[in-house]
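Please walk through the following structure with me, starting from a single residue and its neighbours and widening the view from there.

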Amino acid sequence: WILCINFYLKGLKKDDYAISLYHDVNSDDKCIINLLLRPTEPIGFSNNVKLKLFKPSFEDCKFTANSDMEITIRLTDL
């Protein structure tokens, strides 16, 4: 399944940023990973970069903020 999260960013200075997040489905304050070191809970990254063998780099996920802006991040199950 896919869940989209909209972020409304306000007052950021012009710079490069990256966001990663996960949905703590079972509310245990941990991102659960399996034996292959893959998250078992929905995760997402700015630029909607897909998780491959390793987590994406800052360069892959970065975006340039221009004061006020909106971004959408899709959280996906693996």
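In this predicted model, Leu-9 makes contact with Phe-63, Ser-67, Asp-68, Met-69 and Ile-71, once residues up to four places away in sequence are set aside. Two of these partners, Phe-63 and Ile-71, return as members of the largest nonpolar core, which consists of five residues and also takes in Leu-9 itself, Ile-19 and Ile-73. The element that gives the most to this core is strand E4, residues 63-76, with three residues.

Strand E4 also holds Ala-65, which counts as buried because its relative accessible area is 0%, where buried means under 20%. Leaving out residues up to four places away in sequence, Ala-65 touches Leu-12, Lys-13, Lys-14, Asp-15 and Tyr-17. The C-alpha atom of Ala-65 is separated by 9.2 Å from that of Gly-11, although the two residues are 54 apart along the chain.

A wider view puts these details into context. The chain contains one helix and four strands, and from the N terminus on its elements follow the order β-β-β-α-β. Among contacts between residues at least 6 apart in sequence, 65% join residues at least 24 apart. Of the 78 residues, 24% count as buried, while the accessible surface comes to about 5700 Å², with 56% of it belonging to carbon and sulfur atoms. Taken along the principal axes, the C-alpha atoms fill a box of roughly 40 × 25 × 20 Å.

Which charged side chains meet in salt bridges? The structure holds two such bridges, and one of them pairs Asp-16 with Lys-62 at 3.7 Å from N to O. Asp-16 lies in strand E1 (residues 2-17) and Lys-62 in the loop between helix H1 (58-61) and E4, so this pair ties together parts of the chain that are 46 residues apart in sequence. Lys-62 also meets the side chain of Glu-59 in a salt bridge, here at 3.1 Å from N to O, and through shared partners Asp-16, Glu-59 and Lys-62 are joined into one network. The members of this network differ in their exposure to the surface: Asp-16 is partly exposed at 31% relative accessibility and Lys-62 is partly exposed at 28%, whereas Glu-59, at 53%, counts as exposed.

Glu-41, in the loop between E2 and E3, presents another case, since this residue is buried yet has no salt bridge, and the nearest side chain of opposite charge, that of Lys-30, is 10 Å away. What does the side chain of Glu-41 reach at 3.2 Å? Its partner at that distance is the backbone nitrogen of Ile-32. Beyond residues up to four places away in sequence, the contacts of Glu-41 include Tyr-22, His-23, Cys-31, Ile-32, Thr-76 and Asp-77.

The loop that holds Glu-41 also contains two residues with notable backbone angles. Ser-27, found between strand E2 (20-22) and strand E3 (43-45), has a phi near 55 degrees, a positive value in a residue other than glycine. Leu-37, in the loop between E2 and E3 as well, has a phi near 60 degrees, again positive in a residue that is not glycine. Ser-27 counts as exposed because its relative accessibility is 61%, and Leu-37, with a relative accessibility of 65%, is likewise exposed.

Conventions
Residues numbered from 1 in each chain as written. Predicted model: local features only at pLDDT ≥ 70, side-chain atom pairs only at ≥ 80, totals over all residues. Heavy atoms only, no water. Buried < 20%, exposed > 50% of the residue type's maximum accessible area, 1.4 Å probe, protein only. Core = buried A, V, L, I, M, F, W, Y, C linked by side-chain atoms within 4.5 Å. Contact = heavy atoms within 4.5 Å. Lys, Arg positive; Asp, Glu negative; His and termini not counted. Salt bridge = Lys/Arg side-chain N within 4 Å of Asp/Glu carboxyl O. Polar contact = N/O pair within 3.5 Å; in protein donor to acceptor, adjacent residues only side chain to side chain. Areas by Shrake-Rupley, 256 points an atom, 1.4 Å probe, with all protein chains shown as cover.
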